[in-house]
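Biologist: I want to see how the labels on this structure are earned. Can we go through them one at a time?
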Amino acid sequence: MKPLHQRLNLYYDDDQAYIFVPSGESVSAQSLSINRATGDIFLNPPHNTLPQTARRSGNIVYGVLGVISLTLSEYVVIITGREHRGRLMGHDIYRASDFEILPLNPNVNVLHVQHPVEAHLLALLKSHLDTGVFLFSYGWDMTRRLQAQWENLSSDMEKGFWEAADDRFFWNKHLQTRFIESSVKQDLSAYILPVIYGTFDIRPVLLHGRHMQLCLISRRSRYRAGTRYFRRGIDEKGHVANFNESEQILLVEPLGTSRADDFAHKLSFVQIRGSVPLYWAEINTLRYKPDLQIMEKENATEATKKHLLAQVATYGTQTLVSLVNHKGHEKPVKESYEDYVAKLYLPEVRYQYFDFHTECKNMRWDRISILVDLLKDDIKEKGYFHVHADEPQPLRVQKGTVRTNCMDNLDRTNVVQATLAKYTLNVQLQELGILTKEQGVDDYEVLSRDFREMWADHADLISKAYAGSGALKSDFTRTNKRTRKGLLEDGVKSVLRYLKNNYFDGARQDGFDLFTGNWTPSSNPSAAMSLVTDSRPLILRAMPAVASFSFFMICAGLTLPRTSDYSLSYYFLLWIVLFLISLEVIVLHGIDFVAWPRLVPLTETVYYNGPGYRSARHGMGV
């Protein structure tokens, strides 16, 4: 594919333009200018001389994320720091670690923004950049699995990376819109850097004298992206929340050699996960268990069908593994999912239920092998991708995927995906003749430890992006056994999730919506003052302060001297009554105290009153 510029020098031409000049390349490499007055993006002629008024920035630019429009100005977002994460098939993989935001409007200073709405939106953008895991490469398409790259190898030769990228995982696609539109008249491919939001890990393996590399990549879809309770289920286009593609790659060097990046065998195994493809939600009310809601909309069946057929078209046949509980809070989701799948009756789709919590209760996690036995025929039929350096055609292609989900598509899903990945890795190593039929990954401590750590780290990063904490049950993935220490750690993580999901995820969700283009601001910041103002009645806004002050006064009263047994009775009675009343008001109006997203309000979902199921209507007042 067409090469990307790896280093750029940034020049400021007063208030006229930003100029990006390739560094360390041929003098004929064309620099790029962005006009600050018009926003026009254009390539300068080869050997172009910089204006005398241009002054150089002190930072090296490692890539341009794109241009985003807010209320007072458009901004160019650039990568000014990168961390080397590994080398995959001769190509360096980086994580973007530092960013700079450059306003096109000369009257806007990103450090001292005068209008509160613009300052709020910039804070959302910065927070999203600082907390996300953005990965890129100048020579390897991070957005596509190995099989997809091989299948399009010849047609991609003359394409830019952005043209070949998988649209679902091109995380900065919205920001690159201006660059892509400008490429119609000029080729800006060298400046359009696709970035994924995901995970990457690669480790060397030495087994029976064979040098190998084991790699794990996850790619998060930019469609219906967001946080745990504010993005659930499906939309009308068939996109589901928290959709991730996980690819495990095994690279085997030729026998008797250990030359870097020289591989005789390249194998890839892909799994996917995503929210249950229904219109459903969990409504935060400050209670530990949110209200469960399933919405039977007119197009619900069609939306589910779109999603499933899209996976069939992309990956091949689908095995849907559902780990949702068969009783209690989760039961309606399980039953509704099964009803929709049965109603559609798609021949390329097979549903497999596994009652995870019942089968693995009392920490009997070895019983996940029951699910593996149920899926062996599916995994064998779908296979994995395998190419040999001396063969013009692949030895195998993957003909389908296992799509796993629980409620959050995190904890139970992580355990199952890691188990299926280990089973497939065993099969691959055995078929390559590196292991015998009686041997497995767990027989080799170093390989087993690396495998477990890779999948546990992978699980934690996906969980942090969606739920705000590391994955639960990750002690099993890391150690191959469930421990009481792991149970205690899960308790801490659960409390952390509760706090973040109720009080902090609204702003995180706004960051996702802003970056992915799910919300587009108007050019009038005053029209968006609702983003920075509180429209709740004053009495509701006062309740947390009343409760806090009352609790403080109760604690203070415990330290006051007593002249008699009854001297402080009325004092305590007053503050205890105020404390209890304020708590009762907060509980009754719980929905009003949740930090909801503001860019794309969930009013329709929260107050949905159509056909379907609702476990309760807590937090809506008396």
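Modeller: Start with charge. Across the interface of domain 1 and domain 3 the rule finds 0 salt bridges. The model is a predicted one.

Biologist: What makes the count of salt bridges 0 there?

Modeller: A salt bridge needs a side-chain nitrogen of Lys or Arg within 4 Å of a carboxyl oxygen of Asp or Glu. The side of domain 1 that touches domain 3 has no charged residues. Its residues are 4 nonpolar and 3 polar. Lys, Arg, Asp and Glu are the ones classed as charged, so that side has none to offer.

Biologist: How many residue pairs are in polar contact across the interface of domain 1 and domain 3?

Modeller: The rule finds 0, with both residues required at pLDDT 80 or more.

Biologist: How do you know which residues of domain 1 supply most of the area buried against domain 3?

Modeller: By their share. His-115, Val-117 and His-120 supply 65% of what domain 1 buries there, more than any other three residues. The area buried between the two domains is about 530 Å². Carbon and sulfur atoms give 84% of that area.

Biologist: Where do the domains run?

Modeller: Domain 1 covers 8–183, domain 2 covers 226–516 and domain 3 covers 525–598. The C-alpha centres of domain 1 and domain 3 lie 47 Å apart.

Biologist: Why is the space of about 60 Å³ called a cavity?

Modeller: Because a 1.4 Å probe fits there but cannot get out. That space is the largest cavity. Its lining includes Arg-145, Tyr-315 and Phe-385. The structure holds 4 cavities of 30 Å³ or more.

How values were computed:
Residues are numbered from 1 along each chain as its sequence is written. This is a predicted model: local features need pLDDT of at least 70, side-chain atom pairs count only at pLDDT 80 or more; totals for chains, interfaces and linings use all residues. Side-chain values use heavy atoms; hydrogens and water are left out. Domain bounds come from an automatic or database domain assignment. Buried area is the accessible area (1.4 Å probe) that two parts lose on being put together, summed over both. A polar contact is a pair of N or O atoms within 3.5 Å; within protein, one must be able to donate a hydrogen and the other to accept it, and residues adjacent in sequence count only if both atoms are side-chain atoms. On a 1 Å grid over the protein atoms alone, a cavity is a set of points where a 1.4 Å probe fits but cannot get out, and a pocket is an open set with protein on both sides within 12 Å along at least five of seven lines; lining residues have an atom within 4 Å of a point. Grid points are joined across faces, edges and corners, and a volume is the space filled by probe spheres set on the points.
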